[in-house]
Amino acid sequence: MNISLNWLSTHLDLSGKSIPELDDLLTFAGVEVEGIVTKGISTDKIVVAKIIEAVQHPNADRLKVTQVDAGEGTLRQIVCGAQNYQVGDKVPCALPGAALPGGFTIGEAVMRKVESRGMLCASSEIGLPPGEDGLLILPADAEIGKPVREMFESDVLLELEVTPNRPDLLSHRGMARELATLLKTPLRPLEIPARATAPAAGGDVRVDAPAACPLYTVVRISGVTVKDSPPWLQQRLEAIGLRPINNIVDVSNFILHELGQPLHAFDAAKLAGGIVVRHAADGETFTALDESTHILTTDDLLIADENGAALALGGVMGGLDSGVTASTTDILLESAWFTPPGIRRTSRRTALSSDSSYRFERGVDPEGVLAASHLAVKLILATAGGSAEETTLVAGQAPVLTRPVTLDQAKLDQLMGGSISLTDAGAILTRLGLTKLAVATWQVPSFRADLQRHIDLVEEVARVHGLDQVPSRFQATFVPASPVDAAYDADMVLRRRLAALGLHECQTIKLIADGQLGDALPLRPLQDGDLIRVKLPLSEDHAVMRPSIVPGLVASAVRNVHQQAKSLRFFEMGRVFRNAGGGKARDQESETLALLLSGPTGPAGWAATGRTTDLYDLKGVLISLLGGREIQLSPRERDGFVLAADIKSGEQNIGVFARLAPSRERELDLGHPVYVAELDLAKLRKLLGSIDHVTDLPQFPGSTRDAAMELPVGTPNADIEAVIRKCAEPLLVSAECFDLFTDPTGVKLSADRKSVAYRFYYRASDRTLTTEQVDAAHRKVLDTLVAKLGVKFR
């Protein structure tokens, strides 16, 4: 919300208060200041100067050297490139030290070997609206040396973020009331004319939905002239970023930002009979002011005429066919109170949002409905002429949203640490608009419906008194570590390791499209009914709760490739969702870690062309991630993927590995193979939390033996590793594959066979092994391979 400081100053005296002081005051009171924009001239170092002399610059054709009188008693030399002035003109002169918009500070300089002690300015250079090309020519009677800011109106715009429980602050009057409380400054009285009211007859106003609209008022104004608003009104609206439209609409916008009460004006000539406030019929259509058409439900509130024509979507937006135009002469001015939940539902469902709906869905002051109408009638008569009916028609009554609240002194002392007396607390509540009824009971004003409990009053006292005034009584209390802390610590260890390995963390949305399900790589394959679908998705791209993180990483990879990224190394931690047992049990949430690698492993250079990422790079990342623990990839087919495998650490299955199908890679314009993995985060945390055993460095040498074995081409390497591991030979330290040979032609080796070469490393911790001992251990391993896999050694 935008607040104009000039507008705010019409409600209270802010003289002597700097912008930083107001910023701090509002921030510590719970009103976030998101931005401060200065409009106009902000410094006194831009003064009126008279050009006494202007001669050609000796070293530049387009520059002149001027002598100006800035009221300093001596002439000031300034180099200027403008062409629209004459000797004798008065112009703005920025003296050294003047801060101009954009963070530019004027200083003394030498331009083409000629000294320049300041700057002669155009209007746009000093914060004024752009004018003619060149210098800003000031009036001939302008006083030399006078700060130019005194000749033009300046303003400061505060961009504020108001919490949803404080709708009373969504106006200049409400913000002024808040500042008056914080500054202990009296609030200037608001002159609202008194007008007679009368119950609306059924033919004039009929409310058929009293629960959705407890109070509806309308007044007829005849003989108005729709035209441009007077300058003061236009300036008020422009100051907060609104575009003036015409005097009738501008008055309603002014009242909204002045008092926080939305109004709406109907062209009376476009109505058939009186006004009917009703719920829409199911499937009824409505065309809004922005020319968008909406199909309504019975939950939506309509303002209609007796013929049933929809005039406005109550509390949200006016209709296209009932608005005020240049030919309008008679208007009906609406001021009402609508139930917030209904306005919120309609606004969300129709995607219609306005300043009015923003306030109605948070709740406006019920007692301010008539006051806003009365002030608007006064302003419309002043700006558009005409005459208003003597009485304002009222249907229903203002709801009572507040009640007396008791302030517990003992609780106040306990929570405030005895830093404030009951008398001072009472003074704060009085400044906030509350009225004391009894010893400790306070009547809450109608505009503060958020004050319902004792603690609400204490919070207001603390906020105004200042939390920095509440003494600190305790140091930080020891809290034992919890499983949540342990999980967080483990996740941070994983993040740091992955970042050190060159991976970038992603954060993707937990909702995916149906078209992304083919990229899902859940820890357990999906069954029918496992997917959890969103009942009313915002879009087709957010229709399914993700069963796997991989689809989000694949989408991120596509976006990065479209931005010319080459090497893709991503990871993400998060929740995944699925029905348990094919939808026959309750929904499940679990946490997983997903990885994606693709593209070159390093930048290409003149000395090397680089290498493309392969499955061993991803396996290496997994091994490094788990602190060097052994990782096995156990082949397992997955739909939509190739080279799919389960990831195991020891005998425990901890995740899934795969490569995207080449057809899918081509479909997504991914120029390199894409390798992905998804791991069970709970199991990773346990592995990280286990004890790492340290062994002494070996004191005795080891010995290696190589063996080339022939076996069927379809035998996976994982089977070989499993047999070697189960052999449990105590002298065998490690075994690694270093060569693979196949011959599709069948000349050197049968086409259905392959040759795999392994290097075995043997060592004892207490002695140097003899050749016979190494050979015996090696023979045991080879015999086990023959017995289990039927291999032949070459």
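Two strands count as paired if DSSP finds at least two bridges between them. The views below show a predicted model.

**View 1. Antiparallel hairpin of strands S35 and S36.** Strand S35 (residues 632-635) and strand S36 (residues 641-649) run antiparallel and are joined by 4 bridges. Within this pairing, Pro635 of S35 stands opposite Ala645 in S36. The two strands form a hairpin with 5 residues between them. In the turn, Gly640 has a positive phi of about 85°.

**View 2. Packing of helix H9 against helix H11.** Helix H9 (residues 409-416) packs on helix H11 (residues 454-465) at an angle of about 45°, and their axes lie 10 Å apart. H9 is therefore oblique to H11, since angles from 35 up to 65 degrees fall outside the roughly parallel and roughly perpendicular ranges. The crossing of H9 and H11 is right-handed. On the H9 side, the contact is made by Lys411, Leu412, Leu415 and Met416. H11 contributes His454, Ile455, Val458, Val461, Ala462 and His465. By class, the residues of this contact between H9 and H11 are 7 nonpolar, 2 polar and 1 charged.

**View 3. Open sheet of strands S30, S32 and S31.** This open sheet has 3 strands in the order S30-S32-S31, with antiparallel pairing. Strand S30 (511-512) and strand S31 (532-533) are the edge strands, each pairing on one side only. S30 and strand S32 (residues 544-545) run antiparallel and are joined by 2 bridges. Ile512 of S30 stands opposite Val544 in S32.

Key:
Residues are numbered from 1 along each chain as its sequence is written. This is a predicted model: local features need pLDDT of at least 70, side-chain atom pairs count only at pLDDT 80 or more; totals for chains, interfaces and linings use all residues. Side-chain values use heavy atoms; hydrogens and water are left out. Axes are lines fitted to C-alpha atoms, for helices over the stretch in contact, and angles run from 0 to 180 degrees between N-to-C directions. Angles under 35 degrees count as roughly parallel, over 145 as roughly antiparallel, 65 to 115 as roughly perpendicular and the rest as oblique. A crossing is left-handed if the near helix is turned anticlockwise from the far one by less than a right angle, and right-handed if clockwise. Contact means heavy atoms within 4.5 Å. Ala, Val, Leu, Ile, Met, Phe, Trp, Tyr, Cys and Pro count as nonpolar, Asp, Glu, Lys and Arg as charged, and the others, Gly among them, as polar.
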